[in-house]
Amino acid sequence: MISPLDPAAMAEARAHHDRLTKPRGALGALEDVAVQLAGIAAVSPPPLPEPVALAIFAADHGVHAQGVSPWPQEVTQQMVANFLAGGAVANAFAGQVGASVTVVDVGVNGDLPDAPGLVSRKARRGTADLSLGPAMTGEQARQAREAGAEVAERLVAEGARCLVTGDMGIANTTASAALICAYTGKEPGEVTGRGTGIDDAMLAHKISVVTRALEVNRGLDPLAALGGLEHAAIAGYLLKAAELRIPVILDGVIAGAAALAAAAIEPDAAGYWIAGHRSAEPGHTAALAHLGLRPLVDLELRLGEGTGGLLAHPLVVAAARVLHEVATFDAAGVTDKEALA
């Protein structure tokens with residue numbers, strides 16, 4: 001069961017912020033994050049959101065056959081090996097913030113050898129081509145959601161007090177655009193972006209593929225019909241974290257699309273998520289607006305993997321640390337301008 005954020009803890013956190021030795025509201029969005037963290041933990045000050053754990057959900061996409069990406073599908077499997085070897089950007093950023101890295105195979109189109117840090121929960125070998133019909137069955141989407149939930153539960157049991165979403169899957173921005181259209185009502189041309197880097201002609205083709213996918217899957221469950229196995233797994237990961245009252249820092253457009261699906265299932269869960277950054281993908285802005293989330297970082301990133309979420313983690317910790325360590329006007333013997341009124 002997912003409960004709403006605790007209003008009493010949030011009110012106390014807001015009131016405590018107003019007593020600290022700074023002008024009211026001077027920390028801007030960080031004050032809102034601190035209040036949110038208090039509501040998540042149901043206590044003020046909230047515990048510091050660390051240690052942090054990153055889970056990278058990897059899967060392939062049948063829509064790749066439509067020529068929506070310049071990268072071969074084999075890159076998904078090759079990048080999984082790179083994550084496990086510690087050679088990706090996500091690994092470098094995880095090392096900077098002390099995050100553990102778990103890679104979850106929920107649908108890679110190939111056999112992955114056992115390796116430390118790899119969780120194998122393959123629901124199927126990639127999705128079907130969503131432009132021709134449903135990407136997966138409802139049962140397969142459920143299996144992927146359960147895989148994500150199990151990973152979240154395990155990471156929290158191992159001590160994580162903040163989770164970050166990560167993803168890997170060639171052609172997954174096409175599925176993300178379709179999901180964002182389905183959940184927000186936006187048109188494909190508004191939310192379909194260049195992904196890993198495509199020219200104008202390929203972008204126009206990609207938009208047409210998303211348009212066709214929405215038409216052939218009209219009236220079906222969006223997550224199963226249009227999403228990827230990693231979208232479903234991230235949705236399960238997000239919902240379980242909310243159930244456990246653990247904050248999740250969302251990464252980019254894939255996480256945003258998955259969050260829309262999760263929020264459609266459990267609207268109260270959205271209160272437990274923090275938008276780490278705003279992706280260069282136009283669909284991410286639409287997803288965040290629909291979810292009512294404000295990104296902490298805007299660096300025109302479009303990599304995925306969890307990189308933007310990891311970069312934002314120190315800001316989230318700083319937001320909580322202020323409530324623990326900054327003195328109040330009374331304690332510091334500093335005159336509050338409100339006391340002069």
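Just after helix α10 comes Arg 245, a residue whose phi is positive, near 60°. The model examined here is predicted, and the helix that leads up to this residue is a good place to begin. Helix α10 covers residues 229-243, and its length can be checked with simple arithmetic: at 1.5 Å a residue, its 15 residues should span 21 Å, and the end C-alpha atoms are indeed 21 Å apart, so expectation and model agree. The surroundings of α10 are also easy to describe. Of its 15 residues, 14 are buried, so the helix is largely enclosed by the rest of the structure.

A similar picture emerges for strand β2, which runs over residues 100-107. Six of its eight residues are buried, so β2 too is largely enclosed by the rest of the structure. Strand β2 has pairing partners. With strand β1 (residues 52-59), β2 pairs in the parallel sense over seven bridges; here Ala 55 finds its bridge partner in Thr 102 of β2. With strand β3 (residues 118-120), the pairing is again parallel, over three bridges, and Val 103 has Leu 118 of β3 as its bridge partner.

What brings the helix and the strands into one picture is Phe 57. Leaving aside neighbours within four places in sequence, Phe 57 is in contact with several residues, including Val 104, Val 106, Glu 230, Ala 233, Ile 234 and Tyr 237. The largest nonpolar core has 114 residues, and those touching the most other members are Phe 57, Leu 163, Tyr 237 and Trp 273. This fits a broader trend: in soluble globular proteins, nonpolar side chains tend to be buried together.

Technical notes
Residues are numbered from 1 along each chain as its sequence is written. This is a predicted model: local features need pLDDT of at least 70, side-chain atom pairs count only at pLDDT 80 or more; totals for chains, interfaces and linings use all residues. Side-chain values use heavy atoms; hydrogens and water are left out. A nonpolar core is a set of buried Ala, Val, Leu, Ile, Met, Phe, Trp, Tyr and Cys residues joined through side-chain atoms within 4.5 Å. Buried means under 20% relative accessible area, exposed over 50%, partly exposed in between (1.4 Å probe, protein chains only). Contact means heavy atoms within 4.5 Å. Helices (H or I, at least four residues) and strands (E, at least two) are DSSP runs, numbered from the N terminus. The expected span of a helix is 1.5 Å times one less than its number of residues. Two strands pair if DSSP finds at least two bridges between them.
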